[in-house]
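The following exercises concern cysteine pairing, surface character and overall fold. Each task is followed by a solution in steps.

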Amino acid sequence: MIKRPQSGETEEDILRMQNEFLSQRAKNPKLQPAAQCVKMEKEARKSLFVRNREKAGLSTEAVTQKLTNESAASITAEKEIMSEIHEIIGNIDANNLSDIVLGDIVERTYDSPMRDRHLIIEEVIGFPTVKKVPLIKSNKSGKSIFVSDEADPIKLNKATEDLSKMYGNKSVIVADAKISADVHKENLDILSKMHKDDILAEKDKLLNSIDPSLLALLKKIRQEKAACSNATMECRTAVTVSSEKSNVNEEAMDIDSDLITSKVALEILQQSEAEKWLHFDIVETDKLKWMQDIAEHMPNIKAGEQFEARFDWKGVLLPYSADTKSSKSAAYTVMTVKDEKSSHTDDRELYLHGDEPDRPGYTLQEMFRLARSSIIQQRISAFSAIGGILSIYNQGFYDGVLELPISKIFFLLRFGLDDNTPAMIEVVSKALACLLYNEADEILLDFIFENPGCHWQPILESVDIATDVKDITALENLQKHMQQLQMNDQSKRSVYRSDFEEADNEIKTSMSDFQLAETNLIECLMRTNILQRIYFILNDIQPENSTVSSCLKILIRIARTSTEFAGKIVSNNTLIHCLFEYFLPDLLNCATNLDVSKFYYCPQFLCLKLLRVLISQNLGIAVRLMNMKMAEMLVSYLSYRGDLKDAMIKVQIECLRIVRCLLLLRIDDALYSRLDSAFYYMLQWHYNYLKFEVGGPYLIRQHASALLMAISCEPSNAKSTPVSNEILNKCCCAWFYRATRSDITEFSQATLLSACVNVVNWKLQRDEEKPFNEFITKYLYDFLLSNTFSKCVTQLITSSVVLRKTGDRRCLHLPLPNVGAVLSHANGPQLIVPQTYTVYLLTTLWTHFELQNKENQHEVLKRLTEALMRPQVMDSLIQYLTLASNSLNAYLCGNFFSKIEVKFIFKLINCDSLLSRYNSSQILQLVYNYLSCLSAEHILEIEQLFDKIIFNAKYLNIPQATLNKWKEVFVSLVQSHYIVVEPSNLSLSKSAQAPPILSRDWPYFFFKIILQNYINNSLQKITADLSERDILQMTLTLVSELENSSSYLHIATPTEELMYAMSAFMGPESEFLTDDIRPLLRNHLMRLYTKYEDVMFDFDKASLGKCKFESLYSLFVDHFQATSYGDESFGSLVLVPMAQKYDSKWRRRMWSDYAPALCYLNCDESLLINGMQSYLEPVEKEESLIKAYALALRSRDVRPGTIPYKIAKYHVDNFKRLLNK
């Protein structure tokens, strides 16, 4: 037996006994200790009051009925109390109560009797029940509520106080003493029968219903009357209409009255075991104000009125006010408060802003402040929200809704990118990529890349379009030398041109960062050493997250800006080696990682896309990248024959695109032969597994299209094997067979068919068409006869880009232009190229017909042409051309994505079968409208149309010899825009901005030169071959014939035609006085006046690239005084703005500033637009003009019988007649 410890034994003795017990326990496992401690898990004990509160909280309807049987209630409460005692001391046997040892019972005595502070106890039981006690704020700091309450002998229980003491003996509001007493007594009777909670509820209801101005008046009356009453009573009033603000610190504070309105602090204080919280004996209302309810304010804004934008955490723009019906607060989610009456919830999010707390969301300023917070979670949330805003902004959803400070956001993101925390770098780099890398543009560029002619990449240089950059000669110099003729005053930025490159660099160097960001955002980004920062992130930090993709997107956008910036990326050796090492590794080293989603040591298709964009920029850059063993990498990736996941398919697609670019640049022709086996394997795979119908993976169809386009770039010295031609023919036949029997509803389907036809076209050019005879004669022919092809032609009208009436977003933010993939539409932004866009397929088919004709394949061509010229197809094409002749969008014709459609229209115009369906007037209108949309890359098309249509005696009633002479003049004007590229600077990139080289009013071009010479006071000839007389004869005759030949052909607006007519009189040689030119000008003016007889000229409107009418009119009147010699045609133009229907400022200017010219001014009434009556009616009522008329008549500044004399005399006589009446 183990000896028990004794009182004198030490800790060592206890340990020794423990070791003895353990040794015996080891010998006999059944040995049990005499006693052991076991921890029993019990539920947390809850008092009766806590359980009562929980029961009250769980019930939706408050039970307030009193128990009818008081004895039963006492017994129930007694049982509850005894059950709690049993939990503490166990079951008590009534027979063994003597065993309970109690201490001495001591009765505490008091010097003075205890004051009953509580309410009257209704239940006579042994254990007291809890009643709510009003808490009175202590004036003595440092004391608890209990101590303060005990120390105040004057304070009485509010429930037992007389109502008259609480509310006074008379009404404060009613002035009449008798009525006041009756009303006050009646109010006290009503209050005495009400519960306190009901009183407070009625108080809140009354305060909310009273007008604020009336409530302020009542407060003022009460303050005046309360000043004479007892100050002590004033402090104790708890349920008055309002309390004195000046004595708020001395008032008694009631939890119910102060906190029940918000229901938030009271709700927290009613939580379980709240009585155990420390330092909650004093309720501080100032610290709880942030939890109060905020009244919902209805928006007081009007339609069209601007207000500060607020966004949620995803960057979505929120409405001005949240749409909630039962909410009382817009600042937080109010927890449900259940009481005896009602409850309501507000489930809106928590917003931390202080201004306009009733509005949801965060302003940009608040997000900027959070982005600079010291708490990383707040910074991440802010940058994530800003990234969401920019992403939605680039999609066009915020156009016309809000204006973002792009430059400020850029600097905030660039500063945030310097943080080295991986989580911060990820969210900031993503936001910066959302700003710079337009996702819609890039997706659409990749989507169309596999179509013939779509290998060109856009150059996104920052261009200032504040002035007209379409003409580089006449009008440009005119605006440069004559600032008062500048018509665009909206922007004062300089226009940077290549011929001022040195000055341009000096200006940009002297700019601050903020100034440069407002001019060229990418150049400002490069100034911040972004390449070094990206290298540090990718090489040193190595974040294994989306930061890699974001950095690659930023590099792609920089590479698209210009050849200079692309060269800077390639010349950064450390960065390029980093990209090749981490993101373009050898497949032998990363074969195990291909199935795992990783960024490092796995091929990244975005990195390959960056290389493709760099290669497209310049031949020298492509050669430099090829020297880095890029060919071996491409062969390795394309020869991979494992199970291809989506990521690896994208990698191979980008590799095929790079191969296509390299073959087009003819850098390494041997690369094609090294890829023969890989091409053959992939063709076989697609032939066996590709699903052409809708439902198949579009990525696989895109891969097949990229493969075919790479094959079609086969070098001329390469020899095709019969095996490869055979499998190519099988693929083309199989996919066209499926297309014939199913609809083409997805863009990738039309792209695949276009790639097939392009391969066949390439084989035709190489005289290798024999393996494809079956495809051409059977499958292509069947396709042309199918309903699928008819639908493709019909969709040409509905999906056309150049026939839309909207604009794109190319120059929405000039320092950061985009390609224009998104169109602004009344129903929301739309992609410029829809899924049903079939122009690429139709263009490739038309090219095939042209090749068949060129190769003298007449039998095949005749058969295909018969299938093409079916009535159903021809009607759709004729309808398309008719729409193009009337509503061709010249602005969208310059969009990068519409280049192929513009070429397709030219192919249709060259089709004699189609033109035979139109008369000469319609053809002339169609061609003229089309010419006004062509950029510098369509110079050959312009020359052909000049020769075939515009300067052809078949369409104009002018001798062919004269037309040929005029054609040479305009062709020489067009040829000045030829783009000459040196062989060492070959590129696959074009400017995304392609304005037309011929403006809508191009026949008037040389009139601009006449005006320029007049301003420069130059006497040199306008052109080397043509004199001023030749220019006037050519322009006036050509314009007249063009408009006479087609009634729907409008060369210029009415106001512009009037201004050009004025310019004809401003030549240095005054040819308008000669007998040859005078009748020509007179006929031109008569035709102008007749055509615009009912038109109101807009003299105040200004259009881009043309001077203001006001400035031109001033020069015109000065020139009239100097050189007109009283010419009637000249004078009739001076009189045009003086008609009564125009603003009186023109008449005032003429009769005051240019009064000396009135003595020379006269013309025949037949030369007056709308006749003499338009200058007399309605009668002039402006007194200043009547005085000017009278002064001119008295001083004889106007000659009797002239037009000005008749005008002045008529209005003066009418004015005198009115005065006499």
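**Exercise 1.** Determine whether Cys 732 is buried or exposed, and establish its disulfide status.

*Solution.* The model is predicted.
Step 1. Cys 732 has a relative accessible area of 0% and is therefore buried, since the cut-off for burial is under 20%.
Step 2. A disulfide requires two cysteine sulfur atoms within 2.5 Å.
Step 3. For Cys 732, the nearest cysteine sulfur belongs to Cys 756 and is 4.0 Å away; Cys 732 is in no disulfide.

**Exercise 2.** Explain why Cys 578 forms no bond with the closest cysteine sulfur, and give the number of disulfides in the whole structure.

*Solution.*
Step 1. The closest cysteine sulfur to that of Cys 578 is in Cys 607, at 8.9 Å, which is too far for a bond.
Step 2. Cys 578 has a relative accessible area of 2%, so this residue is buried.
Step 3. Searching the whole structure yields 0 disulfides.

**Exercise 3.** Locate Val 980 and describe the surface patch to which it contributes.

*Solution.*
Step 1. Val 980 is found in the loop between helix H45 (960–975) and strand S5 (989–991).
Step 2. Val 980 counts as exposed because its relative accessibility is 76%, the cut-off being over 50%.
Step 3. Together with Leu 940 and Tyr 978, Val 980 makes a nonpolar surface patch of about 340 Å².

**Exercise 4.** Summarise the protein as a whole in terms of secondary structure, burial and surface.

*Solution.*
Step 1. The protein has 54 helices and 5 strands.
Step 2. Of its 1221 residues, 47% are buried.
Step 3. About 64200 Å² is exposed, with carbon and sulfur atoms supplying 53% of that area.

Key:
Residues numbered from 1 in each chain as written. Predicted model: local features only at pLDDT ≥ 70, side-chain atom pairs only at ≥ 80, totals over all residues. Heavy atoms only, no water. Patch = residues over 30% accessible without salt bridge, like charges linked within 9 Å, V, L, I, M, F, W, Y side chains within 5 Å. Areas by Shrake-Rupley, 256 points an atom, 1.4 Å probe, with all protein chains shown as cover. Salt bridge = Lys/Arg side-chain N within 4 Å of Asp/Glu carboxyl O. Helix = DSSP H or I, 4+ residues; strand = E, 2+ residues; numbered from the N terminus. Buried < 20%, exposed > 50% of the residue type's maximum accessible area, 1.4 Å probe, protein only.
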